[in-house]
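Dear colleague,

I am passing on the structure we spoke about, with the sequence alongside. Please have a look at it first, and then read the notes below, which go through what was found.

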Amino acid sequence: PDGYLFIPMYGPRTDWLKNVLAAGAARLSIGGKEIELESPRMVKKRDVWPLLPATTKTPPGISGESELLRMDVRRRG
């Protein structure tokens, strides 16, 4: 509820993913609104999938051991 989960369909070694991990932050644009994200970390699908709505379907080729990118919404403070 306080972040986003990204499925790196081309694997965890893609340039965009390496860049986000190195930067420690990113911006997500949805419907013209920018959301600032922080604390990128790789997590196992099995550990985070229960946090998603029950209707969320697993894409083909993604197992419980697959690594996903989890990021928190940056809190303004």
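A good place to begin is a pair of arginines, since R41 has R70 of β4 as its bridge partner. Please keep in mind throughout that this is a predicted model, and that the values below were computed from it.

The pairing of β3 with β4 is antiparallel and runs over six bridges, and within the β4 strand a further residue, D72, stands opposite E38. E38 also has a residue opposite it in another strand, for A25 stands opposite E38 of β3.

That brings in β2, which covers residues 25-30 and pairs with β3, residues 33-44, in the antiparallel sense, again over six bridges. Along this pairing L28 stands opposite I35 of β3. The two strands β2 and β3 form a hairpin, with two residues between them, and in the turn G31 has a positive phi of about 55°.

Taken as a whole, the sheet is open and has four strands in the order β1-β4-β3-β2, with antiparallel pairing. Its edge strands are β1 and β2, each of which pairs on one side only, and from one strand to the next the twist averages 40°. As general background, the strands of a sheet pair through backbone hydrogen bonds, either parallel or antiparallel.

The next item is the pocket. The largest pocket holds about 160 Å³ of space, and its lining is made up of P1, D2, G3, Y4, L5, V48, L51, L52, R70 and M71. Two elements, β1 (3-6) and β4 (67-73), give two or more residues to this lining, and the largest share, three residues, comes from β1. Sorted by class, the lining has seven nonpolar residues, one polar residue and two charged residues. You will notice that R70, already mentioned as the bridge partner of R41, is also one of the residues that line the largest pocket.

Finally, there are two points about aromatic rings. Which residue lies over the face of W49? The residue in question is K45, which is placed at 4.7 Å from the ring centre of W49. As for rings paired with one another, the count comes to one aromatic pair.

If you have the structure open, I would suggest following the sheet from β1 through β4 and β3 to β2, and then turning to the lining of the largest pocket, where β1 and β4 appear again.

With best wishes

Note on methods
Residues are numbered from 1 along each chain as its sequence is written. This is a predicted model: local features need pLDDT of at least 70, side-chain atom pairs count only at pLDDT 80 or more; totals for chains, interfaces and linings use all residues. Side-chain values use heavy atoms; hydrogens and water are left out. On a 1 Å grid over the protein atoms alone, a cavity is a set of points where a 1.4 Å probe fits but cannot get out, and a pocket is an open set with protein on both sides within 12 Å along at least five of seven lines; lining residues have an atom within 4 Å of a point. Grid points are joined across faces, edges and corners, and a volume is the space filled by probe spheres set on the points. Ala, Val, Leu, Ile, Met, Phe, Trp, Tyr, Cys and Pro count as nonpolar, Asp, Glu, Lys and Arg as charged, and the others, Gly among them, as polar. Rings of Phe, Tyr and Trp (its six-membered ring) pair if their centres lie within 6.5 Å; planes under 30 degrees apart count as stacked, over 60 as edge-to-face and the rest as tilted. A charge sits over a ring if NZ of Lys or CZ of Arg is within 6 Å of the ring centre and within 35 degrees of the ring normal. Two strands pair if DSSP finds at least two bridges between them. Axes are lines fitted to C-alpha atoms, for helices over the stretch in contact, and angles run from 0 to 180 degrees between N-to-C directions.
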